[in-house]
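Student: I'm new to this one and would like a close look at a single part. Please pick one chain, take me through it slowly, and then show me what lies around it.

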Amino acid sequence: MMERPMEDNLDNLFEFAEFDEKESEHIAAPRYSYWKSVWRTFVRSKVTIPLTIFVIALVLFALIQPMYSGYSPTVAPNINNSDMKYLSPSREHIFGTDNIGNEVWDVVWAGARNSIIVSFVSTTIIMVVGILVGALWGFSKKMDKWMIEVYNVVSNVPYLLLAMILSYVLGAGLGSLIFVMVCIDWIFVAYFIRTQVMIIRDREYNMASKCLGTKTFTMIVKNILPYLVSVIVTYISREIPLLISYEVFLSYLGLGLGTNYASLGRTISQYKSFMTGYPHLFWIPVLVLAAIAISLYVVGQKLADATDPRTHR
Amino acid sequence: MSPTIDREVLLSLRNVEISFDNGGKKKFKAVQDANFDIYKGETFALVGESGSGKTTIGRAIMRINELSDGEITFEGKRISGSLSKQEDTDVIRNIQMIFQDPAASLNERATIEYCISEGLYNFHLYRDEEDRIAKVDRALEEVGLLPEHKSRYPHEFSGGQRQRVGIARALIMEPKLVVADEPISALDVSIRAQVLNLMNKLKNEKGLTYLFIAHDLSVVRFIADRIAVIHLGRIVEIAETEELFAYPLHPYTISLLSAVPMPDPIIEKQREPIVYADATEEKTGPDYAMREIRRGHYVYCTPEQAAKYAENAEKANAQ
């Protein structure tokens, strides 16, 4: 019989709390901005800032230094001066000199410049073409039917063979090398993007957009690509160092840039015979290549991680 | 509820069949021979278990799924099959959808402002930027959200708030018919009533018509004017809400109603679910058709069954 009086008391003990309905809808959290969060996540890691500065400095230096050195592989001013050949690295000759009396310092940066230009330009073209084609390919079932056949054929042609034929036909220049790389690589990017688009194409929010009458192009720009920023940045961060190495590789085989262009690949190929006698000639260009490729890759990966909203905060 | 006969038909489905190609020789028929009318200003509910085809019908009306047979008309005009651009625009503006999962149906990378304005952008339904923003603000206010939410992203909202954004996005188009595909089943129980009340309020204010797709009968009883019960892609019973709950005739409806849990534990203990014995086998044949047993109460059955059902209804009425 204890319960009764207690129950009666409940009415006196409690009273209705007032609440503001508008206030309860209010969101107290600070405003979210995607790119601001990307930046915050990117700079959170201690390695990234010095490494980013290093990468930017390296790239800028490689782009600017050859303008001042005036190095050209077609001229060898010290070829008859035996005092200038095979010098070890020293204060006057930072990377030493090579078999024809050229400054290795100048040779390496001129080569790095061309590698970086080829890689950056072809990555840009490849990504733009690949994303455009891939987005439409992933969206259109009709296009998928024949594009997948094109992909099957193109992707099974040995890429080295393709590079050989194209570089013989087009000649060996900066432009034709970029063209060769775009020809080989764009379809892989397009295929990659197509798969990503297909994964999110039929999600409910895209169906909702369709019900609101949104056109395919707007859907790609507003609904699909924002979701792919992270995977695209990841792809770019792999692509740039890969294409630098690829330029080196093709030039090493004699398929890349012609003899009148400075090239890291051909430099390495020429210096490889001095590996035992003058090891610095071989190792310096290799290490410069590695420094550029690896630091670009690491910074790219950090950026790719930061663009993934799951890592925010 | 007023009688259903002399009211204006907004949407009607005739002999609708929707099948999916599953790679094999035999196509999978998700919906067969669906016939019903939705009258202007009513809430028409479609109930059935998972996989019965209720969402498929909703999506066919939204033209996401194509019909393999039959036709759908809206205000007397055919909206299934291929349409001209103008017809397409009209249908999109007049029929809008509220989706089941508010977390999945909003673009996570767009602000609320974009989400709500999307339809306005597509058909340029605003005079200038100012007008568009005023429309978005009004839409937000109508669903109980604040204008300051415009610059927020969907993931910052609760489930109920997101669903209200979804409602605002559909209603800014000023549609006549709203297809609500299980709009509250993904929501927390505590905010379901909030969303349902909002939907009812907006319906009365704007004179909307709802096609409400659900599997929760207690919700349907609260919101619907008429109910269609669908089983294995076939509509087995259509009646007004109270009529259906008072005189369920088709055995599937009876067993469906017996499965509704009671909120009172003492009554719940006595509740005996009736198993629908023919759940797996399809009950169909040349004799089967939708027959009117009582006024406005249709059941899918043979003439013999119809007589039996009428008798059962008579008995129940006498009690």
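Tutor: Let's take chain B, whose secondary structure comes to 11 helices and 12 strands (DSSP runs numbered from the N terminus: H or I over at least four residues for a helix, E over at least two for a strand). With a radius of gyration of 21 Å, close to the 20 Å that the globule rule gives for 319 residues, chain B is as compact as a globular protein of that length. That radius is taken over C-alpha atoms, and the rule is 2.2 Å times the number of residues to the power 0.38. Along its principal axes, the C-alpha trace of chain B spans about 65 × 50 × 45 Å.

A quick word on what you're looking at: this is a predicted model, where local features need pLDDT of at least 70 and side-chain atom pairs count only at 80 or more, while totals for chains, interfaces and linings use all residues. Residues are numbered from 1 along each chain as written, chains are lettered from A and ligands numbered from 1 in the order written, and side-chain values use heavy atoms, leaving out hydrogens and water.

Now follow the strands of chain B, which pair if DSSP finds at least two bridges between them. One open sheet has 4 strands in the order 2-1-4-5, with antiparallel pairing. At its edges sit strand 2 (28–39) and strand 5 (77–78) of chain B, each pairing on one side only. Strand 5 is joined to strand 4 (residues 69–74) of chain B by 2 bridges, and the two run antiparallel; there, B:Phe74 has B:Lys77 as its bridge partner. Look for helix 1 (residues 54–61) of chain B lying across strand 1 (9–20), strand 2 and strand 4 of chain B, at about 115 degrees to strand 1. (Contact is heavy atoms within 4.5 Å; axes are fitted to C-alpha atoms, for helices over the stretch in contact, with angles from 0 to 180 degrees between N-to-C directions.)

The other sheet to trace in chain B is an open one of 8 strands with mixed pairing, ordered 6-7-8-3-9-10-12-11. Here strand 6 (95–98) and strand 11 (289–294) of chain B are the edge strands, each with pairing on one side only. From one strand to the next, the twist averages 20 degrees. Helix 5 (residues 159–171) of chain B lies across strand 6 and strand 7 (177–181) of chain B, running at about 175 degrees to strand 6.

At the other edge, strand 11 and strand 12 (residues 297–301) of chain B pair in the antiparallel sense over 5 bridges. B:Arg294 finds its bridge partner in B:His297 of strand 12. This hairpin has 2 residues between the strands, and B:Gly296 takes a positive phi near 70 degrees in it.

And the surroundings? Chain A has 12 helices and 0 strands. Its radius of gyration is 29 Å, whereas a compact globule of 313 residues would have one near 20 Å. The C-alpha trace of chain A spans about 115 × 55 × 35 Å along its principal axes.

Both chains contribute to the largest pocket (an open set of 1 Å grid points over the protein atoms alone, with protein on both sides within 12 Å along at least five of seven lines; lining residues have an atom within 4 Å of a point). Its lining has 37 residues, with A:Lys210, B:Met62, B:Arg63, B:Ile64 and B:Asp88 nearest the centre. Among the elements that give two or more residues to the lining are helix 9 (204–211) of chain A and helix 1 and helix 2 (85–94) of chain B. The largest share, 5 residues, comes from helix 2 of chain B. So helix 1 of chain B, the one lying across three strands of the 4-stranded sheet, turns up again here.

Note on methods: 1 Å grid on protein atoms, 1.4 Å probe; cavity = no way out; pocket = protein on both sides within 12 Å on 5 of 7 lines; lining within 4 Å.
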